[in-house]
Amino acid sequence: MDSDTAAKARYAAYLAEQASARAATQAIASPLIRAIPPAMLALMMQQDHDADELERQLAACALQAEQLGNTRYFEGRPPTRQECAEVVEKDRCGNPVTRAMQLGKQKHVLALQCAEQVLKKLWPAPFSIEQRYRYYPNARMVESISKEKEARLIADGCTDELRGTIKPDIVLHENRNLLLKSVLTLDFKFPCPDSNPPRWAEYGSNSPYAYESQGEIYEKALGGQALLVSPKSGVESK
């Protein structure tokens, strides 16, 4: 090993040690830092990125989306419980769509646009946004479904073929093999009214994952810890 290679190895080891020490001191306060492996924290430090800043900016994305969404309909104030429950339209299958559902969808679009820019700047590895996966619990494996195929199935009305699939908001990967264990899975939640706590949705009785939560299935399928991101609570585990 030449001197330059040895120096780089020592520096990488030093960064890993520093990342581990920093993660240990911040673990209680930060679920995101606790969930990211020390090797990835070291890589972030090596590229002058900061996990604290990543967490702050993702939380800011949630808050910004909440404020922009409320401004559109309520001049910036949060909707009341009654307004959240109001049926504002029906979907293509004739099912009622409440204001809470409509607002949540719109706020998700805003939050994910913001998060994509944050991750491009601060996450040193690949990431996926709204990637749909088919999960095989017995085989303990997943396969990805392309956005083109997903759109085609929905347009053709073949949504039964998507039964049992999962679609987390954000998956952080360690390398370009996007089907290996994820580093972290993140979902934005926008409770309506905002006095409700953010929580994972629970799969219904007709689902292959009946009575399990989204977070539980994300962790089983993708491996990494699953965290919530919300306007009031920021990044948290549930």
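Which of the 33 residues in the largest nonpolar core touch the most other members? Keep that in mind as you open the file, and remember that this is a predicted model.

**Stop 1: the big core**

Select Leu32, Ile36, Leu54, Trp123, Ile170, Leu184 and Phe188: these are the residues of the largest nonpolar core that touch the most other members. Now colour the elements that feed this core. Helix H2 (31–35), helix H3 (38–46), H4, helix H6 (99–122), E7, E8 and E9 each supply at least two of its residues. H6 gives the most, with seven residues.

Zoom in on Leu184 next. Leaving out residues up to four places away in sequence, Leu184 touches Leu32, Ala35, Ile36, Ile170, Val171, Leu172, Gly224, Gln225 and Leu227. Two of those names, Leu32 and Ile36, were in your opening selection, as was Ile170.

There is also a second, separate core, made of 14 residues, and Tyr133, Val142, Val171 and Ala226 are among them. Show these four in another colour.

**Stop 2: Gln57 on H4**

Go to helix H4, residues 51–74, and pick out Gln57. Buried or exposed, what would you call Gln57? Its relative accessibility is 17%, and because the cut-off for buried is under 20%, Gln57 counts as buried. Setting aside neighbours within four places in sequence, Gln57 is in contact with Val118, Lys121 and Leu122. Show those three as sticks and you can see what Gln57 meets.

**Stop 3: helix H8 and its buried side**

Select helix H8, residues 214–222, then highlight its buried residues: Gln214, Gly215, Ile217, Tyr218, Ala221 and Leu222. Look down the axis: they cover an arc of only 165°, which puts them on the same side of H8. As background, an α-helix has 3.6 residues a turn, so residues three or four places apart point the same way.

What do the buried residues of H8 pack against? Add strand E4 (132–136), strand E5 (141–145), strand E6 (165–166), strand E7 (170–172), strand E8 (184–188) and strand E9 (225–230) to the view, and you have the strands they pack against. Before leaving, step just past the end of H8 to Gly223, which takes a positive phi of about 95°.

**Stop 4: a three-stranded sheet**

Keep E4, E5 and E6 on screen. They make an open sheet in the order E5-E4-E6, with antiparallel pairing. E5 and E6 stand at the edges with a single partner strand each, so one side of each has no neighbour in the sheet. Look closer at E4 and E6, which pair in the antiparallel sense over two bridges. Here you can select Arg134 and find Thr165 of E6 standing opposite.

**Stop 5: backbone oddments in the loops**

Three loop residues round off the tour.

- Select Asp48, in the loop between H3 and H4. Its phi is near 60°, a positive value in a residue other than glycine. Asp48 is exposed, with a relative accessible area of 73%.
- Jump to Arg140, in the loop between E4 and E5. Here phi is near 55°, again positive in a residue other than glycine. Arg140 is exposed too, with a relative accessible area of 76%.
- Finish at Pro193, in the loop between E8 and H8. Show the backbone from Cys192 to Pro193: this peptide bond is cis, with omega near 5°.

Notes:
Residues are numbered from 1 along each chain as its sequence is written. This is a predicted model: local features need pLDDT of at least 70, side-chain atom pairs count only at pLDDT 80 or more; totals for chains, interfaces and linings use all residues. Side-chain values use heavy atoms; hydrogens and water are left out. Helices (H or I, at least four residues) and strands (E, at least two) are DSSP runs, numbered from the N terminus. Buried means under 20% relative accessible area, exposed over 50%, partly exposed in between (1.4 Å probe, protein chains only). Contact means heavy atoms within 4.5 Å. The arc is that of the directions from the helix axis to the C-beta atoms. A nonpolar core is a set of buried Ala, Val, Leu, Ile, Met, Phe, Trp, Tyr and Cys residues joined through side-chain atoms within 4.5 Å. Two strands pair if DSSP finds at least two bridges between them.
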